[in-house]
Number of protein chains: 2
Amino acid sequence: MDALDERKEKILYAIIQNYLETGEPVGSRTISKNSELNLSSATIRNEMSDLEELGYIVQPHTSAGRIPSDKGYRFYVDRLMAEKDQEVSDIKELMIEKTEKMEKLLKQVVKVLANNTQYATMISAPALSKSSVKFVQLSAVDEHHILSVVVMNGNLVKNKIIEVEKPLDNENLLKLNMLLNTNLNGLTVSQINLGLITMLKEQAGIHEDIIAQVLNTVAETIKDSDEGLEIYTSGATNIFKYPELADSQKASEFISTFEEKEELASLISDIEDGETGTGIQVYIGDESPIETMKDCSVVTATYDLGEGIKGTIGIIGPKRMDYKKVMDNLSQLKDQLGSILKKE
Amino acid sequence: MDALDERKEKILYAIIQNYLETGEPVGSRTISKNSELNLSSATIRNEMSDLEELGYIVQPHTSAGRIPSDKGYRFYVDRLMAEKDQEVSDIKELMIEKTEKMEKLLKQVVKVLANNTQYATMISAPALSKSSVKFVQLSAVDEHHILSVVVMNGNLVKNKIIEVEKPLDNENLLKLNMLLNTNLNGLTVSQINLGLITMLKEQAGIHEDIIAQVLNTVAETIKDSDEGLEIYTSGATNIFKYPELADSQKASEFISTFEEKEELASLISDIEDGETGTGIQVYIGDESPIETMKDCSVVTATYDLGEGIKGTIGIIGPKRMDYKKVMDNLSQLKDQLGSILKKE
DNA sequence: TATTAGCACTCCAAATCGATGAGTGCTAAC
DNA sequence: GTTAGCACTCATCGATTTGGAGTGCTAATA
């Protein structure tokens, strides 16, 4: 990478900051006036010309001011990241009411975050693929319906009604409950494989047919939560606040990806795989894998519930978003969320 | 109401249909050419002038063609409604895969509908306020957590983890289960009142403190589903297809109400209360109670699962929507949905 | 040699102007 | 009652103009 001398760095930094505030291309005269280094606009112009050649800034058209390129933003963000470690952030607590249901909590979190930042936000529920079974219970609701309830680590509950042809008597139900609990307890989803299932079927003996169905359904119940990576979003309409994203073509596509959520899900699983360590990631423009977000930046944080259970919070906004505020918000929230959810 | 002679009716009808197709204000000459009544544009002009005075059509500005007013649309829709009864609709089956989970089913329905009509759609899950308790089960997950599961009529399941200080032994758990099932079985949410709750508490005797919490939580669990009227939406971004709704101000507000859903919920409960009988309602412009939809029309259908359990499907689009298609779609879907859900 | 002042040049954005054409209302004739 | 004809209105579109912000280059300066 090409090194910038200190003056160039200062100028670049000033350009970016100014652009973040105003959203307008910034000219040499502006920098010359609002910066501590006392240089004439002409000198700044020369330096800007260099910076452009190096790829940090671009001109939207000849004889307009300069705006940061993706490379420029990257420079800015990396510098922020470095600063962040020493610095003590002083944002006021984000007010999150403690609620019982995780779903409500997550919905509230995205909402608060969207309000606070004025960008679009998303959050994924903790992925259960690595969570393990804590408790299984089958009970007869009526003659033809058995209710199966599975409690996972972290007290997440999944349930399902199973249809059976013949009623199952109490004794067998009890047996089955025992069998399931002793064999499934403590297992993660990935550990419940076909081998185990056939083994259980055999052990179940006489009621094999009914039991097969029950077992399959239990496995399915648990797996369900794995595939459908639950995602909550908020503030998608905030993009209308940023003219560079608000033309109806782009806005429509953008909000669609928020409505559909599949693409967000793939984005999130990408992120959770390639984790850095600090827990905060920034994707600028093209760096994001989602086509409709080429003009945006995505900032994400992974929150951690221990035992390998993770979820992701994300903020999507214009490239000229207030990275500092966003990163502070996220890193605070990520810790807060982790500790709240662990307690539940 | 003022009666229209036949010729006026025909002209009005022609104006509306033409406008629905083109979205452009329609002039006297157009009507004069494309209609079976052979009249010159001048005559049409005179009639149009009358129709305007009567409030059925308006001019967006002097010396432009006419467009239907809300009153005009109302005339058109009422006429459609009347025709609808005799007519056999011949739309091809909307393809809905049968899935196990109601949630998935509903999500799929709104999606299919949005795709098919190219408008924004919403659906409410069946309201449980009139549904009754079928089965209650408490089970000890570990020393400090009791899992309560409530199955409602229609096999809808609600569950909740209750924290308790002291472990509850098996015997007491069993007693409690008996108590709850015998007393709550068959009751609707509205029938579970404070009196009943205190009565149950007394009967529970020794463990009153723990039991109070359990009972409260059960009641709360059931009520939860009542307040939070679950709503699924799709195709909100379709409004960008209709220029008259697509300016960023309006679009932003519109999509916001779709994102938030609270307002939709109140709209839906309004609708479910004031039901007509045919099951299809049309709200044109100002007739809708939601502020952000003054420029839209809302068409809804109530689907019925029997026993007073109802849900609502809705389509929101521009006033110049294809009412016929929309109404046909909805009335077909409403029946289909009813029968699918009843079977589950 | 680095910095600066000055000036010509570029280009966008907003304002202005006129032409076009669709559509009306009115009047007078049929 | 219907129609032809005509003057008038008004939104839309394109071309033109203008103003201003900003650049690049050159020559002068420290």
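Let's start at the DNA: helix 3 (41-54) of chain A and helix 3 (41-53) of chain B each supply at least two residues of the surface near DNA strand D. A residue counts as near a molecule or strand if one of its heavy atoms lies within 4 Å of it. Helices here are DSSP runs of H or I with at least four residues, strands are E runs of at least two, and both are numbered from the N terminus. Keep in mind that this is a predicted model, where local features need pLDDT of at least 70 and side-chain atom pairs count only at pLDDT 80 or more, while totals for chains, interfaces and linings use all residues. Residues are numbered from 1 along each chain as its sequence is written, chains are lettered from A and ligands numbered from 1 in the order in which they are written, and side-chain values use heavy atoms, with hydrogens and water left out.

Back to DNA strand D. Helix 3 of chain B gives the most to this surface, with four residues. Of the 20 residues around the strand, A:Ser28, B:Arg7, B:Thr43, B:Thr62 and B:Ser63 come nearest. On the DNA side, sugar and phosphate account for 78% of the atoms of DNA strand D that come within 4 Å of the protein. Sorted by class, the surface has four nonpolar, twelve polar and four charged residues. For that sorting, Ala, Val, Leu, Ile, Met, Phe, Trp, Tyr, Cys and Pro are nonpolar, Asp, Glu, Lys and Arg are charged, and the others, Gly among them, are polar.

Now let's zoom in on some atom pairs. A polar side-chain atom of A:Arg45 lies 3.0 Å from a base nitrogen of DNA strand D, and one of B:Ser63 lies 2.6 Å from a base oxygen of that strand. With B:Thr62, the partner is a phosphate oxygen of DNA strand D, at 3.2 Å.

B:Ser63 deserves another look. You'll find B:Ser63 in the loop between strand 1 (57-58) and strand 2 (67-68) of chain B. B:Ser63 has a positive phi of about 60° although it is not a glycine. At 69% relative accessibility, B:Ser63 counts as exposed; that label means over 50% relative accessible area, buried means under 20%, and partly exposed is in between (1.4 Å probe, protein chains only).

B:Gln118 also has a positive phi, of about 65°, without being a glycine. Its loop runs between helix 5 (102-117) and strand 3 (120-124) of chain B. B:Gln118 counts as partly exposed, at 26% relative accessibility.

Still in chain B, head over to B:Thr233, which sits in strand 7 (residues 231-234). The C-alpha atoms of B:Thr233 and B:Ser124 are separated by 8.8 Å, although the two are 109 residues apart along the chain. Leaving out residues up to four places away in sequence, B:Thr233 touches B:Val110, B:Thr121, B:Met122, B:Phe258, B:Lys261 and B:Leu264. A contact means heavy atoms within 4.5 Å.

Finally, chain A. This chain has eleven helices and ten strands, and buried residues make up 52% of its 344 residues. Among contacts in chain A with a separation of 6 or more, 61% come from residues 24 or more positions apart. One buried residue is A:Ser35, with a relative accessible area of 11%. A:Ser35 lies in the loop between helix 2 (28-33) and helix 3 of chain A, and a polar atom of its side chain is 3.1 Å from the backbone oxygen of A:Ile31.

Conventions:
Polar contact = N/O pair within 3.5 Å; in protein donor to acceptor, adjacent residues only side chain to side chain.
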